[in-house]
Amino acid sequence: MKRSVPLLIVFVIGTFLLASYFFNFTLPGTNITLKQGASTINNWGVIVTAFAVGLASINLLRIHGAKIINQRSGWVNSAILILTMFTFIIVGIYSRSNPDNESAAKLFSNLFNYAYSPFSATMYSMIAFYVASASYRAFRMRSLEATLLLSAAVLVMLGNAPIAEQVWAQFPVIGKWLLTVINTTGQRGIAIGVAIGGFATSLRILLGFDRGHLGQGD
Amino acid sequence: MIEGTHFVFGAFIILGSIIIGVLLATRNGKLHPKIRRIPALDSIEEAVGRATEMGRPVHYSPGYGDITTSTAPQTFASFDVLNHVVALTARYNTQLIVTCKSPQSFPIIQELVREAYLVAGKPDMFREDTVRFISEAQFAWAAGVLGIFTREQVAANIMLGYFMAESLLFAEGGAQVGAIQVAGTGNLAQTAFFVAACDYTLIGEELYAGGAYLSQDASKVGNLAGQDIVKMITIAFIVLGTLLATAESDWLLELIKK
Amino acid sequence: MWFERLQNIDRRVIYTILLIVLITPMIKPIGIPLSVNSTTRQVYNLIENLDPEKDIVMMGMDYSVAGQADVHPQAVAVAKHLANRNIRNIMVSFVADGPMLAEKIIGILGDRVTYGQNIVNVGYLAGGESAIKKFIEAPGTTFINDHRGKPLANMPVMAGIKDINDITLILDFQTGSPGYQDFLRQLPAGGPLYAAGIVTVSVPNVMPYLNSGQLAGLLQGLRGGAEYEVLIEEPGEGAARMDAQSLGHVVIVAFIIVGNLAYFGSKRKGKTHGGGDKV
Amino acid sequence: MNISTNPWVWFMGIGMLSLYSFIYKENPIYRLFEHIYVGASVGYAIVTAYGNIVDQAWTPLTTKGELNLIVPIILGLMLYTRFFKPIAWLSRWPMSFLMGLGVGISTYGMLNSQLIAQSRAAMMPIIAKSGDGAFLLGKSINNIIMVLGVLGVLFYFFFSVEHKGPVKKMAGFGRLVMMITFGVAFGNVVMGRIALLLGAISDIFGTWLGII
């Protein structure tokens with residue numbers, strides 16, 4: 001019961017959804033088609049996933065809550081984390097439930113626009129600095145392979161920079177050849193390999209050969 | 001049957017039967033495939049060992065992927081390796097930190113790590129903060145992980161699974177605290193960064209080989225051998241198609257469309 | 001000794017150099033000439049050949065705030081082009097940040113457009129690929145009210161849209177998921193043309209789809225935006241940043257070269273320390 | 001100089017600088033904003049999740065009588081049984097549901113759009129001709145590279161076949177192709193990341209400080 005039911009659920013749900021890509025017929029004893037059934041299950045998935053967000057957040061609350069209670073180092077930041085989290089939750093849910101309250105909506109959009117999304121953009125753009133340091137530190141012509149990798153990178157960059165084009169008009173041509181010929185080739189080969197590996201993993205999970213993630217006990 | 005899916009269905013049945021057939025044959029001892037060396041996977045033990053010598057924790061990231069989208073197989077492949085990493089840290093008595101982005105896979109990972117410590121006979125090595133959910137938002141998760149790198153001074157950083165833009169943040173962040181790094185992803189655009197910035201990298205499909213290679217579990221090894229046969233068929237198929245295309249015949253291309 | 005010091009240079013020096021190289025041309029642009037990629041010209045020609053009397057364009061506002069720097073200039077330039085040619089523009093979002101960015105663009109267009117007449121921001125529909133599917137099945141009725149809460153039914157801009165074939169061209173601006181793959185999977189054969197504006201990072205991945213003709217045109221990252229600004233002869237954010245972009249590349253290439261010189265310089269003196277082969 | 005007077009903009013600017021300070025050195029101000037950012041992101045995700053549950057489950061269930069939606073609500077609540085030892089095993093049911101869903105919706109795409117469509121695209125005439133039958137040297141060479149390259153990459157991913165002889169040669173060629181591919185990807189990523197940094201610079205120096 002504790003092990004077989006989960007395996008059965010994986011098999012039934014997985015097979016049902018997979019089948020809906022190949023077949024479409026009215027399910028016996030009902031007036032819904034396989035496709036409609038599959039989209040219902042898909043919709044359930046969205047809802048169950050939404051519940052999972054709360055579950056994961058409890059872990060966050062526990063870790064940071066324990067820090068605050070034991071006053072371990074960094075507990076003030078933990079408190080701020082939880083405070084920010086609840087500010088978003090309270091303002092967000094309040095403004096959702098009271099769509100006529102314009103000041104709540106304004107507050108929530110300010111929170112989003114100034115206390116959340118620019119920070120995402122900041123972390124995202126920080127990668128540019130890391131690109132610079134990785135270029136300096138890690139891109140070394142240690143071997144033929146490494147040399148090919150960094151030469152391709154340099155040629156593509158020069159192909160993309162208008163200033164390099166002023167120096168030698170062939171840079172964009174080379175860059176484009178690397179992109180459309182070699183890159184397409186490599187992408188394709190890896191995509192095929194990854195698809196085969198993914199397919200095999202999926203089958204193993206579907207048929208219950210792989211049960212590590214269900215836990216080894218009962 | 002839906003138009004245009006006949007060929008895919010045929011491929012599903014044939015390739016699927018081959019994979020499952022080889023898997024079962026290997027499990028029953030009829031086939032004994034050997035797996036070639038994958039240096040990046042061998043290096044995981046070295047990484048954990050280094051962390052042990054330094055008395056600092058090992059960080060493991062299962063990546064950006066979750067278990068309900070097309071990234072799922074890579075995440076599952078990562079779980080296989082994570083099992084092995086837990087066993088290693090249990091053997092060496094080294095602290096492990098697993099950081100998590102996907103709320104769906106978080107409970108599974110927590111369960112997996114707890115069980116793996118139990119199996120290794122060290123249930124008390126599992127703590128509430130061994131597996132940490134950081135945030136579902138990509139860069140909030142990245143910011144949190146970078147913070148953990150420096151605050152906890154991780155000595156080994158293992159990143160396997162599906163990764164997106166955070167790959168270089170993690171790889172450079174890890175390099176800055178001097179961690180030995182092993183990484184691998186099926187996402188091609190990010191592999192370049194791992195290759196450049198990490199000590200050992202698994203490329204593309206090597207990620208899927210991880211579980212089989214590390215555990216030498218017969219059904220997983222068999223699964224891998226089955227994939228090789230599928231690859232041979234694919235190669236033959238491409239060669240045939242190329243010859244036909246050169247001869248200006250398109251019956252194979254038409255067949256695929258069916 | 002000198003090489004070794006160069007090899008172990010503090011990374012903050014690298015960061016500072018990068019920052020200076022990027023900020024300077026933003027304050028004082030140089031104006032490096034820019035050639036236009038053929039995929040950008042394809043998009044331009046698509047719009048040039050539209051008929052303002054009957055053609056309708058859907059602009060997919062599917063980029064996030066975090067990634068907007070790479071895509072927003074494209075969307076602005078294309079929206080300007082559509083407005084200049086008086087083509088009806090339906091802005092639809094399958095990413096939560098989309099409607100806000102659409103409002104920003106409508107603000108930039110100012111009195112070139114009449115809201116409800118030739119442009120509308122219908123808002124956001126959650127659900128990724130399944131939401132796209134829903135919209136494609138019923139583009140006229142999926143949204144009841146626009147983003148501002150006004151009913152769409154009596155807006156002239158929406159008049160005559162019954163099924164997806166009433167839309168001539170979909171121009172989808174995207175930073176990731178949902179994106180071209182979702183659209184290509186869901187669009188019916190013989191439906192509207194599909195062109196995309198994407199982040200530079202996705203360019204290598206999208207190439208196979210461009211080669212196969214599934215995309216009718218492609219704008220590639222910030223450079224794509226800048227090129228489009230050149231084509232419509234209205235230099236904007238994209239063109240202004242291209243100089244910095246260009247110099248950024250050169251400085252990264254320089255880092256790679258100097259890094260290697262330092263590496264080989266110190267290696268020749270036999271003082272390199274281990275660290276395993278990285279590739 | 002049009003420095004902003006909006007306190008929200010100031011909060012944004014200070015937060016951005018604090019996060020950037022990480023690249024100099026991890027420090028208390030970074031830590032503060034890291035925690036604010038993580039808290040905000042989780043709070044925002046919970047609001048979105050709450051919205052999804054209300055819009056997609058609760059409202060249709062209670063106002064339109066879509067009774068099937070009881071299933072995901074129960075499954076969702078079952079996730080939380082893991083906090084109650086005696087019934088903790090029940091939480092594996094919704095997990096299995098999610099896993100079945102993941103496998104079910106990704107397998108077809110993997111076979112169709114990745115394995116088959118890409119194999120099909122790899123089949124190219126190695127003697128390329130133009131529309132009027134003239135031989136195209138450049139295109140033929142490109143096609144040969146592309147076919148051999150794809151095969152080489154596939155050879156590299158043989159795990160149960162020992163790499164020696166021709167297999168080793170092909171696999172080696174495949175690896176070289178992959179290395180160039182990674183280089184191309186890197187080159188493009190550089191461009192994209194710099195564009196993002198330029199966006200952030202213009203937020204700080206434009207929106208906030210009003211210099212640009």
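Select C:Asp62 first: this residue stands opposite C:Gln174 in strand β4 of chain C, where a pairing of strands requires at least two DSSP bridges between them. The model is predicted, so local features need pLDDT of at least 70 and side-chain atom pairs count only at pLDDT 80 or more, while totals for chains, interfaces and linings use all residues. Residues are numbered from 1 along each chain as its sequence is written, and chains are lettered from A and ligands numbered from 1 in the order in which they are written.

**Chain C: strand β4 and its neighbours**

Extend the selection to β1(C), residues 56–62, which pairs with β4(C) in the parallel sense over six bridges. Strands here are DSSP runs of E with at least two residues, helices are runs of H or I with at least four, and both are numbered from the N terminus. Next, display β5(C), residues 193–198, which is joined to β4(C) by five bridges, also in the parallel sense. In this pairing C:Phe173 stands opposite C:Gly197.

Now colour β4(C), residues 169–174, by burial. A residue is buried if 20 or more other C-beta atoms lie within 10 Å of its own, exposed if 12 or fewer, and partly exposed in between, with C-beta atoms placed from the backbone. Six of the six residues of β4(C) are buried, so the strand is largely enclosed by the rest of the structure. In a regular strand the side chains alternate between the two faces of the sheet. On one side of β4(C) are C:Leu169, C:Leu171 and C:Phe173, and on the other C:Ile170, C:Asp172 and C:Gln174; all are buried.

Zoom out to the whole of chain C, which is divided into domain 1 (2–30 + 242–268) and domain 2 (38–235); such bounds come from an automatic or database domain assignment. The C-alpha centres of these two domains of chain C lie 38 Å apart.

**Chain B: domains, sheet and helices**

Move to chain B, which has 10 helices and six strands. Its C-alpha trace spans about 65 × 40 × 35 Å along the principal axes, and buried residues make up 64% of its 258 residues. Colour domain 1 (6–34 + 217–257) and domain 2 (39–215) of chain B separately; their centres, taken over C-alpha atoms, are separated by 31 Å. The contact between them takes five residues from domain 1 of chain B and four residues from domain 2 of chain B, two residues being in contact if their C-beta atoms, placed from the backbone, lie within 7 Å.

Select the strands of chain B next. They include an open sheet of six strands in the order β3-β2-β1-β4-β5-β6, with parallel pairing. Its edge strands, β3 (131–133) and β6 (200–203) of chain B, each pair on one side only. The twist averages 15 degrees from one strand to the next; axes are lines fitted to C-alpha atoms, for helices over the stretch in contact, and angles run from 0 to 180 degrees between N-to-C directions.

Within this sheet, β4(B), residues 156–162, and β5(B), residues 180–185, run parallel and are joined by five bridges. Pick B:Leu160 and look for its bridge partner in β5(B), which is B:Gly184.

Add α7(B), residues 188–197: this helix packs on the sheet, touching β5 and β6 of chain B, and its direction makes about 160 degrees with that of β5(B). Then add α3(B), residues 72–92, which lies across β1 (58–63), β2 (96–100) and β4 of chain B and runs at about 165 degrees to β1(B).

Finish chain B at α8(B), residues 206–215, where nine of its 10 residues are buried. Among them are B:Glu206, B:Tyr208 and B:Leu214. Just after this helix, B:Gln216 takes a positive phi of about 55 degrees.

**Chain A and its contact with chain D**

Isolate chain A, which has eight helices and zero strands. Its radius of gyration, taken over C-alpha atoms, is 26 Å, well over the 17 Å that the globule rule gives for 218 residues, so chain A is more spread out than a compact globule. That rule is 2.2 Å times the number of residues to the power 0.38. The C-alpha atoms of chain A fill a box of roughly 65 × 50 × 45 Å along the principal axes, and 54% of its residues are buried.

Finally, show chain D beside chain A: the contact takes 95 residues from chain D and 93 residues from chain A. Elements giving two or more residues to the chain D side include α2 (28–63), α4 (92–122) and α6 (165–208) of chain D.
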